[in-house]
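The following note sets out points for a colleague who is examining this entry. Please read each point alongside the sequence and the coordinates.

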Amino acid sequence: MILEENYTLSNGIDIPKLGLGTWFISNETVGQAVKDAAEIGYRHIDTAQAYSNESGVGDGIRACGVKREDMFVTTKLAAETKSYKEAVASIDSSLKTMGLDYIDMMIIHSPQPWTKFRGEDSYFEGNRDAWKALEEAYKAGKLRAIGLSNFEKADIDNILESYSVKPMVNQILAHISNTPKELIQYTQEKGILVEAYSPVGHGELLKNGELADMAKKYGVSVPRLCIRYTLQLDLLPLPKTANPDHMKDNADVDFVISEEDMELLKNMERIKDYGEASVFPVYQ
Ligand SMILES: NC(=O)c1ccc[n+]([C@@H]2O[C@H](COP(=O)([O-])OP(=O)(O)OC[C@H]3O[C@@H](n4cnc5c(N)ncnc54)[C@H](OP(=O)(O)O)[C@@H]3O)[C@@H](O)[C@H]2O)c1
């Protein structure tokens, strides 16, 4: 049962193999979503400063009835925070907003601020500065793990050239039809766990007829097929939903996709329009 399984991060800490995404869940409703998820058996929640729902997530974690040490919560340092001083303040601000004594993992949301995403400036120095602040918070016990998100090879190398604490994860866009094989392989070879965000293609994969046919063949829903696909690539999926029925469905992934079908899924035509997410540079 996937909800009882963990990956082990490079620092020896266990991280539940399935996480609940919370992007686009409001601060008012996310606490209930966390409680419902915990009741179903989820032990891993993914939020970010940029989602404006950290306080609701913190309320949910504290009120869900599961021991704090049995829950794993990740938040993300805002993409625009690229100085040491700002990063130190920002980490403390997340702890305060969430009302938690420690956060299980904090990751740099993006190597560049969103308005400069994948632009000419790599922000190498700013990322090293932000990383230093995360390392210090990690060593002080405020964070149990630290990592990256949306980092490409050069961005990862920039951190690996000068770290005192090695990044434990890189959270990237990875789903059926959009699987960055080389980046995944490179990251995994470095001993960094790859987390798959938008595993259901921000909902767009639900519209794909070919996928619906394959899901039918396995007797599963399209989201289950999508989530199982990422797990078979040793990724950690973070499907988003506030709907308890969908949460249960997404955790029912004890089936196996054949090698042949995995190849078909890896090479499926890429999504061109991610709906409401398309206003964000990462989806363009
Ligand atoms: N690091 C980053 O830059 C970054 C970027 C994007 C996302 N993320 C993280 O990854 C998480 C997931 O990505 P995402 O929010 O873009 O989208 P996603 O999880 O790929 O897809 C979410 C969509 O799928 C639907 N869905 C999920 N399970 C379903 C089910 N069993 N049956 C029917 N529909 C289902 C949801 O509908 P309902 O809500 O109606 O269930 C929603 O419309 C985010 O919430 C966030 O935590 C990180």
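1. Ligand contact at His246. In this predicted model, an N or O atom in the side chain of His246 lies 2.6 Å from an oxygen atom of the ligand. His246 is also listed, together with Asp46, Ser198, His202 and Thr241, as coming nearest among the 28 residues around the ligand.

2. Further polar contacts of the ligand. The side chain of Asn250 places an N or O atom 2.8 Å from a nitrogen atom of the ligand. Val200 takes part through its backbone: a polar backbone atom of Val200 is 2.7 Å from an oxygen atom of the ligand. As for coverage, the ligand taken alone exposes 900 Å², and the protein buries 87% of that.

3. Sheet architecture. Eight strands make up an open sheet with parallel pairing, in the order β3-β4-β5-β6-β7-β8-β9-β10. The edges are formed by β3 (20-21) and β10 (236-237); each has a single partner strand, so one side of each is left without a neighbour in the sheet.

4. The β5-β6 pair. Within the sheet, strand β5 (residues 72-77) is joined in the parallel sense to strand β6 (residues 103-108) over four bridges. Leu77 has Ile108 in β6 as its bridge partner.

5. Strand β8 and its surroundings. Which residues of strand β8 (residues 169-173) are buried? Five of the five are, so β8 is largely enclosed by the rest of the structure. In the strand order of the sheet, β8 stands between β7 and β9.

6. The β7 side of β8. Strand β7 (residues 143-149) runs parallel to β8, and two bridges join them. One position to inspect is Ser149, whose bridge partner in β8 is Gln171. Together with helix α5 (residues 153-160), β7 and β8 make a right-handed β-α-β unit.

7. The β9 side of β8. Five bridges link β8 to strand β9 (residues 193-197), again in the parallel sense. Here Ile172 is found opposite Ala196 in β9. A right-handed β-α-β unit is made by β8, helix α6 (residues 181-189) and β9. β8 thus belongs to this unit as well as to the unit that contains β7 and helix α5.

8. Cysteines. How many disulfides does a search of the whole structure find? The search finds zero. Cys226 has 0% relative accessibility and counts as buried. Cys64 also counts as buried, because its relative accessibility of 15% falls under the 20% cut-off.

9. Two helix positions. Leu211 is located in helix α7 (residues 209-218) and, at 0% relative accessibility, counts as buried. Leu211 and Lys85 are 126 residues apart along the chain, and their C-alpha atoms are separated by 47 Å. Arg128 is located in helix α4 (residues 124-139). Is Arg128 buried or partly exposed? With a relative accessible area of 34%, Arg128 is partly exposed, since that value lies between the 20% and 50% limits. From Arg128 to Lys35 the C-alpha to C-alpha distance is 36 Å, with the two positions 93 residues apart in sequence numbering.

Conventions. Residues numbered from 1 in each chain as written. Predicted model: local features only at pLDDT ≥ 70, side-chain atom pairs only at ≥ 80, totals over all residues. Heavy atoms only, no water. Buried < 20%, exposed > 50% of the residue type's maximum accessible area, 1.4 Å probe, protein only. Pairing = 2+ DSSP bridges. Right-handed = clockwise from strand over helix to strand, strands pointing away. Near = heavy atom within 4 Å. Polar contact = N/O pair within 3.5 Å; in protein donor to acceptor, adjacent residues only side chain to side chain. Areas by Shrake-Rupley, 256 points an atom, 1.4 Å probe, with all protein chains shown as cover. Disulfide = S-S within 2.5 Å.
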